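Me: I would like to learn how to read a few features of a protein structure. Please show it first, and then we can go through it in turns.

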4 protein chains.
Amino acid sequence: MKIALINENSQAAKNGDIHDALTSVVEPLGHEVHNYGMYTVDDAAQVTYPMVGLLTGILLNSGAADFVVTGCGTGTGSMLAANAMPGVFCGLVIDPTDAFLFAQINDGNAIAMPYAKGFGWAAELNLQDCYRKLFEGESGIGYPKERAEIMAKNRGVLAELKSKTCHDMLTVLKTVDQDLLKAAIAGEKFADHFYAHSKDQSISDYLRAL
Amino acid sequence: MKIALINENSQAAKNGDIHDALTSVVEPLGHEVHNYGMYTVDDAAQVTYPMVGLLTGILLNSGAADFVVTGCGTGTGSMLAANAMPGVFCGLVIDPTDAFLFAQINDGNAIAMPYAKGFGWAAELNLQDCYRKLFEGESGIGYPKERAEIMAKNRGVLAELKSKTCHDMLTVLKTVDQDLLKAAIAGEKFADHFYAHSKDQSISDYLRAL
Amino acid sequence: MKIALINENSQAAKNGDIHDALTSVVEPLGHEVHNYGMYTVDDAAQVTYPMVGLLTGILLNSGAADFVVTGCGTGTGSMLAANAMPGVFCGLVIDPTDAFLFAQINDGNAIAMPYAKGFGWAAELNLQDCYRKLFEGESGIGYPKERAEIMAKNRGVLAELKSKTCHDMLTVLKTVDQDLLKAAIAGEKFADHFYAHSKDQSISDYLRAL
Amino acid sequence: MKIALINENSQAAKNGDIHDALTSVVEPLGHEVHNYGMYTVDDAAQVTYPMVGLLTGILLNSGAADFVVTGCGTGTGSMLAANAMPGVFCGLVIDPTDAFLFAQINDGNAIAMPYAKGFGWAAELNLQDCYRKLFEGESGIGYPKERAEIMAKNRGVLAELKSKTCHDMLTVLKTVDQDLLKAAIAGEKFADHFYAHSKDQSISDYLRAL
């Protein structure tokens, strides 16, 4: 699985620690991490949480990433922004049980975590445990398993509903504030990661042309 | 403020307790609670979490409610469904600090809480504390207050972004599965609460005609 | 390791679930669980949390158990009672990181968990994760490991301090309310588990003579 | 009420913030805070968590304080040390509901909180909320109130039990490592706070003579 890590500016200083925790867990499981940044608080490309949403929408709708790991101070801003996008189902994860239940019941494609609120000493242990619950096995199999069918049905209804409430991603790209969009993809490694992995030519073409 | 309470089927049995906790806190503060249900597990109108999202979108976009309090087993299904709708910014709230920070930083118009996961003995105390943080004072004034301006700016950017990613509510109502929509508004007190308080004639007309 | 499970009366109904969660994790790791009860709310032997403390003291000071897993509604009553006893160092564990840090930093010999407060749906997942952190590896090796030495030193100072504040266990047995003591060891499987595993003849003799 | 604040060395840098949070809540309620320190990481008097326990025992058994607020990185070391002392009933408090339930059910005389684990941005809000639950009203009245009697009875049994397991405080002072004891009371404001408020002449005399 291609997992994209996206940190916004308020918690950019923690990108290294979060990236370490994520890769230490998921690489041995055979997944790949693309660190879209931010990397430090002083990065030239400053990414705010609304941009995180836009970038999450781009990565998931283009197939450049299979899953997005994001967050912000409380996790909420980035979660709201991600969930504003078509095809994105972003959970807010605080502890390992949240992570497990999100994977098994909601089977979404993104999570946001708080990297400031409640994020104290030894928080890397909780990050690792949450990532393990998300990525170690098959997701979407329900919990308890007897309820798998009704859970899958509700997910399908939600996906269908969201397909009606949102415009498609290419339309979104064309209609949003183009300066915001440019800023969202201004990260220094965006081009390297994205164009190599995007499976949607029209999204790639549109972004390249900006 | 008109606060709508919406419970879905998996936690319907707790509606009475949640309603009691909510009214005990917010009515003395001068707010009004409209309990849209469900009320018991055996209600004729069974509301699933995708329907919660649809109903949340209807209530907030029509002005029939100023704020929606919802949730489900983990809170995540209802949160995802609510955030799939235009103009809805729904936080996931676990503890009083979450509630306070959501009110002050994100200033959204809905919250989802877990009513099964982590919901044990004395959980009504946490509900009350969370409601108090949400509804006791002015929201959106930032925390810390020195960061109020940047927080307000990001909220504005997110709202503008979401206005581009989502269709307007009337379009949503016309395009979603009409059986899902009928089920979402089939609660026994929906008509009483909604048509009396909706400020959007076109939404009211469309729903009445169903 | 011989792990004793002790449940008091307020949460006795959950003994089966807690025992299942504990054995499912620790038996594959080579540990043995002795379920001292209570087993159901209607057990003839009703164990209150002060009795849990006394029983914990008996099991650990006699060597009949190497570790005690206990708890109550909030975990606090049983924790206080356990920590009132000589040679008992009982942590209060809420989440897996608590469990890990308690094992590595404090290296105690008992934990109490809340089995009512915060104990909702899927709580068995958190129990399992906590047990795994406690029992899967070597404990007392510090976290981070660079601080192992100072952590071990503090543990030693605490143990030495507590050896001065408390009477020895046999003295405790002789001086406490003898009815309370009899009630603490009245569980239907106490005799089977205890006398077979106690390594302290004087404690065994005293209890047998009651 | 005279509330003593005791911070150990690992989290000494946070003493100012914790003291601010505590006084902002309890002084308007008519309580008095005695900040026994540590005050900064560089204090001449370095207090470890075992010393916190000893100091807590001194303050509560002498009547110099009515309640002790302490903690450490996870809260557990200071909690274990405090509970090792005669007459001390120290809860571990993570959130406001813990604080409320500890006050109402266990009615202890000390709490430990984690000041590193889970202690992130905006943690001062949680501190304030916890302190308010602990100190704003009468404690020991049970929750729910229908269970007040049985809760009070169990507390009495525990207090009686602990009176048998522990030596009295003066004996403890005489038998513990005298260097540890001297270090525990070496804080620069200990003498000012303690001798003015101690109600136990023999404890005061013993400590003065050291």
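Me: Which side chains meet in a salt bridge with Asp95(C)?

Reply: Side chains of opposite charge can pair when their charged atoms come close. A salt bridge here is a side-chain nitrogen of Lys or Arg within 4 Å of a carboxyl oxygen of Asp or Glu. Asp95(C) meets Lys117(D) in this way, at 2.8 Å from N to O. Between chain D and chain C the count is 4 salt bridges, and a search of the whole structure gives 23 over all chains.

Me: What should I know about the model and its numbering before going on?

Reply: It is a predicted model, in which local features need pLDDT of at least 70 and side-chain atom pairs count only at pLDDT 80 or more, while totals for chains, interfaces and linings use all residues. Residues are numbered from 1 along each chain as its sequence is written, chains are lettered from A and ligands numbered from 1 in the order in which they are written, and side-chain values use heavy atoms, with hydrogens and water left out.

Me: How many residues does the contact between chain D and chain C take, and what area is buried?

Reply: Contact means heavy atoms within 4.5 Å. Chain D gives 40 residues and chain C gives 40 residues. Buried area is the accessible area (1.4 Å probe) that two parts lose on being put together, summed over both. For chain D and chain C this is about 3500 Å², with 69% from carbon and sulfur atoms. Leu80(D), Leu161(D) and Thr165(D) supply 17% of the area that chain D buries against chain C, more than any other three residues.

Me: What are the values for chain C and chain B?

Reply: That contact takes 7 residues from each of chain C and chain B. The two chains bury about 500 Å² between them, 70% of it on carbon and sulfur atoms. Ala116(C), Gly118(C) and Trp121(C) supply 63% of what chain C buries there, more than any other three residues. The rule finds 0 salt bridges across this interface.

Me: In what order do the strands of the sheet in chain C lie?

Reply: Strands of a sheet pair through backbone hydrogen bonds, either parallel or antiparallel. Strands are DSSP runs (E, at least two residues), numbered from the N terminus, and two strands pair if DSSP finds at least two bridges between them. In chain C, 5 strands form an open sheet in the order β2-β1-β3-β5-β4, with parallel pairing. The edge strands β2 (32–37) and β4 (90–92) of chain C each pair on one side only. β3 (residues 67–72) and β5 (residues 110–114) of chain C pair over 5 bridges, and Gly71(C) stands opposite Met113(C).

Note on methods. Helices (H or I, at least four residues) and strands (E, at least two) are DSSP runs, numbered from the N terminus.
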